[in-house]
Amino acid sequence: MKKLLLLTTGGTIASVSGANGLIPGITDTEIAGYLLEQNLGCTIESKALMEIDSTNMQPECWVRIAEAIYESYCDYDGFVITHGTDTMGYTAAALSYMLQNIAKPVVMTGSQVPIHYENTDAGKNLVDAVRFASEDIGGVFLVFDGKAIHGTRAVKVRTRSYHAFESINHPYAAFIEEGEIRYNKSVSLLRGDAEMKLEVSLCPDVFLLKLHPGTKPELFDFLRCHYRGVIIEGFGLGGVPNQGRSLVRKIIELLQSGIAVVMTTQCLEEGEDRTLYEVGRLAAGELIISSKDMNTEAIVPKLMWALGKTDDLGEVKRMMETPIAEDITIH
Ligand SMILES: NC(=O)C[C@H](N)C(=O)O
C-alpha cells in the first residue's frame, strides 16, 4: 500500500468565510480526514506547513515546501500539496527547480471553491491528486479539473471557473477521469536514477516587467540599482521599442552593470524569438537570455534559482537556456 504525505499551505481549498472575506482556516487533519473517508487504497499522513492565501506566497515559502519534501523524502512514496490557485503555477515551477532529479510524484492541487461549500471542486481535485501521487512516476505536477500538468507548464488562465489551469506550450501529462489515469504517451514521466538534490539557495532580487506602449526608460535606472535579474515581457516575439521612448540603451546598461536580462513575450502561447524583427534584434546583446517557450511562472523562479548559484552572467544564461523538467521545448 502506498504511503503519502499531504502538506497543506492554505488557499481557497482550506478557506472559511471571515469578517473580511475568504481566509484559510481548515486544518490539514480535516483535509486528510476527508481523503481517508474516500478509501483510496493508500495511507495518508498530513502536516500543515502554512495557512495563507497564495497571494502571500514568497520565495521563502517555496523553500519551506521544498525542504519539507526533502526531509521526508525517504519515508513516503508520494507527496500531495494543497495550495491556493493564484500563485500555484509559480510554486509548482519553483519546486521543479529546487527538487532536482526527484524520482517520486509531488502533486500540487487546490480548488476554486472552499472544501466545505456546496458545488466545491475540492473533493475531485484532492482525490485525483492522491491517485496521481500514488503512481510510479517522478516529478512535480499540478492536478486540477481532471488534468495533470508538468510543474513548469501550469498557468492559471481563468479566475473563477473549475478549469482554471492550462498546460501552456506543452502537452498535458495525463487526464484523470472517474479515477482512471490516461497518460499522454508523448511526455516523459520517467524516474531518473540520479540522486535527488535539494537546491534552495534562491536570489529573490528578480523583477518582472511587462512592457506597454509608453513604458518610461527612466524606470530602468531604478531596476539597475535594486535588482540582479530583470525579466522583460516584450511585445509579440519579444520586441522592445527602439524609437520614441526607446529602451534599447537602458537594456544594454543593465547588462553592463552585471544584471541578468531575460527576454520573453506577453503572448501566452508559442514563445519568444527575437531573430525575426529589427525590434527584437536591436535589443539583443551577447548576454541577453532567451526564454524560448518557457512560461513566465517558470522563468521567475528559474532566474532566482540560477542567480542563487552564480554571479557569472554567461553561466546564468547557460542554466536558463538549458531545458529542465520540461520547461523548454523549442530550441
Ligand atoms: N482559488 C484560490 O485558491 C484563490 C486564492 N486566492 C489563493 O490563491 O489562495
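The paragraphs below lead through a predicted model, starting from the annotated region and its active-site residues and then turning to helices, a cysteine and three asparagines.

According to an unreviewed UniProt entry, residues 3-186 carry the annotation "domain: L-asparaginase N-terminal". In the model, this span is 25% helix and 34% strand, and its end C-alpha atoms lie 28 Å apart.

The annotation "active site", again from an unreviewed UniProt entry, covers T12 and T85. These residues are spread over 74 residues of sequence, yet they cluster in space, with a largest C-alpha distance of 7.6 Å. T12 lies in the loop that runs between β1 (2-10) and β2 (15-18), whereas T85 is found in the loop between β5 (78-82) and α3 (88-98). Are T12 and T85 buried or exposed? A residue is taken as buried if 20 or more other C-beta atoms lie within 10 Å of its own; T12 has 25 such neighbours and therefore counts as buried, and T85, with 24, is buried because it also meets that cut-off.

The surroundings of the two threonines can be followed residue by residue, leaving aside positions up to four places away in sequence. T12 touches L22, G84, T85, G110, S111, Q112, V113 and P114. T85, for its part, is in contact with G11, T12, S54, G110, Q112, K156 and A164. Each of the annotated residues thus appears in the contact list of its partner, and G110 and Q112 are found in both lists.

Helix α1 (residues 28-37) shows how a helix can be divided between a buried side and an exposed one. Its buried residues are I31, A32 and L35, and, viewed down the helix axis, they fall within an arc of 95°, so they line one face of α1. An α-helix has 3.6 residues a turn, so residues three or four places apart point the same way. The face turned away from this buried side carries the exposed residues G33 and E37. The buried residues of α1 pack against β1, β4 (42-52), β5 and α4 (122-133); β1 and β5 are also the strands that precede the loops holding T12 and T85. After α1 comes N39, whose phi is positive, near 50°.

Helix α2 (residues 59-71) can be examined in a similar way, beginning with its length. Its 13 residues, at 1.5 Å a residue, should span 18 Å, and the end C-alpha atoms are 18 Å apart, which agrees with that expectation. Within α2, the residues C61, W62, I65, A66 and I69 are buried. Seen along the axis, the buried residues occupy an arc of 140°, so they too line one face of the helix. On the other side of α2, E60 and E71 are exposed.

Further along the chain, attention turns to a pair of helices. The axes of helix α5 (residues 219-226) and helix α6 (residues 248-256) come within 10 Å and cross at roughly 10°. Because angles under 35 degrees count as roughly parallel, α5 is described as roughly parallel to α6. Where the two helices meet, F220, L223 and R224 come from α5, while K250, E253 and L254 come from α6.

C203 is found in the loop between β14 (197-198) and β15 (206-210). This cysteine has 20 other C-beta atoms within 10 Å, and it is therefore buried. Apart from residues up to four places away in sequence, C203 touches R228, M304, L307 and G308. The C-alpha atoms of C203 and T310 are separated by 9.8 Å, although the two residues are 107 residues apart along the chain.

Two further asparagines have a positive phi although neither is a glycine: the angle is about 60° at N101 and about 65° at N169. N101 has its place in the loop between β6 (99-100) and β7 (105-109), whereas N169 is found in the loop between β11 (165-167) and β12 (174-177). How exposed or buried are these asparagines? N101 has 13 C-beta neighbours inside 10 Å and so counts as partly exposed, while N169 has 22 and so counts as buried.

Methods
Residues numbered from 1 in each chain as written. Predicted model: local features only at pLDDT ≥ 70, side-chain atom pairs only at ≥ 80, totals over all residues. Helix = DSSP H or I, 4+ residues; strand = E, 2+ residues; numbered from the N terminus. Expected span 1.5 Å × (residues − 1). Buried ≥ 20, exposed ≤ 12 C-beta atoms within 10 Å, placed from the backbone. Arc of directions from axis to C-beta. UniProt positions renumbered as here; feature names shortened; annotations may be inferred. Contact = placed C-beta atoms within 7 Å. Axes fitted to C-alpha atoms, helices over the stretch in contact; angles between N-to-C directions. Parallel < 35°, antiparallel > 145°, perpendicular 65-115°, else oblique.
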